[in-house]
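I have a structure open and a blank notebook page. Time to look a few things up and jot down what turns up.

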Amino acid sequence: SSSSSSSSSSECDARYVDTNYGKTHVFVCGNPKHRPVMFFHQGGFNAMQFGDWITPQLLQSNFYTILVDMPCDTGKSLPPNGDPQKCAQTKEQLVEWVEAVALGVLGHPQDNSNNKNNKNKNNANNN
């Protein structure tokens, strides 16, 4: 329906994430404090393949959706220096690229050492 499509677009922001494999175009939707889920489109499509039918349902379920335009495909992601030969090609390169996109959108994982220190302080105070 048109109402769910307009609500999903109003809750999504387009941005670029810099990686070693170029600038990756993403749509981020919803509250970044919610659990993230990333979608990668199939060849010949773009990130909006999921926008109108998956994103509204996930937003209602309190997920933070990240719709990714695959590099060197029909989306808006740009290869390094315009050279498609420099796009991620191997499994290892694709994993590195996905990690870079996730870090670019979500930031660095929280350092759990602070939580451990707080637990140790609480245990010391209780003894």
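My entries below go through strands, a salt bridge and two residues I picked out.

**Entry 1: what I'm looking at.** Note to self before anything else: this is a predicted model.

**Entry 2: the strands.** I started with β1, which covers residues 12-19, and β2, which covers residues 22-29. I looked up how they run against each other, and the pairing is antiparallel, with 8 bridges. A hairpin of 2 residues takes the chain from β1 into β2. To have one pair to point at, I noted that Ala14 sits across from Phe27 in β2.

Then I checked what else β2 pairs with, and β4 (residues 63-68) came up, again antiparallel, over 4 bridges. Here the pair I wrote down is Val28, facing Ile66 in β4. How many of the residues in β2 are buried? I get 7 of 8, so I'm putting this strand down as mostly covered, with buried meaning under 20% relative accessible area.

**Entry 3: the salt bridge.** I went looking for salt bridges and the count is 1. Which side chains form it? They belong to Asp18 and Lys23, with 2.8 Å from N to O. I also checked how open the two partners are. Asp18 is exposed at 55% relative accessible area, while Lys23 is partly exposed at 38%.

**Entry 4: Thr19.** This one is in β1. Buried or exposed? Thr19 has a relative accessible area of 16%, and I file it as buried because the cut-off is under 20%. Its side chain comes to 3.0 Å from the backbone nitrogen of Tyr21. Skipping neighbours within four places in sequence, I find Thr19 in contact with Thr24, Trp97, Ala100 and Val101.

**Entry 5: Tyr16.** Also a β1 residue. Tyr16 comes out at 41% relative accessible area, and I call it partly exposed because that value falls between the 20% and 50% cut-offs. What does Tyr16 touch, leaving out residues up to four places away in sequence? My list reads Lys23, Thr24, His25, Lys76 and Leu78.

I followed up on Lys76. Along the chain, Tyr16 and Lys76 are 60 residues apart, yet their C-alpha atoms are separated by 9.1 Å. The side chain of Tyr16 also reaches the backbone oxygen of Lys76, at 3.3 Å.

**Entry 6: cross-check.** Going back over my lists, I see Thr24 in the contacts of Thr19 and also in those of Tyr16. Lys23, the salt-bridge partner of Asp18, is on the Tyr16 list too.

Key: Residues numbered from 1 in each chain as written. Predicted model: local features only at pLDDT ≥ 70, side-chain atom pairs only at ≥ 80, totals over all residues. Heavy atoms only, no water. Salt bridge = Lys/Arg side-chain N within 4 Å of Asp/Glu carboxyl O. Buried < 20%, exposed > 50% of the residue type's maximum accessible area, 1.4 Å probe, protein only. Polar contact = N/O pair within 3.5 Å; in protein donor to acceptor, adjacent residues only side chain to side chain. Contact = heavy atoms within 4.5 Å. Pairing = 2+ DSSP bridges.
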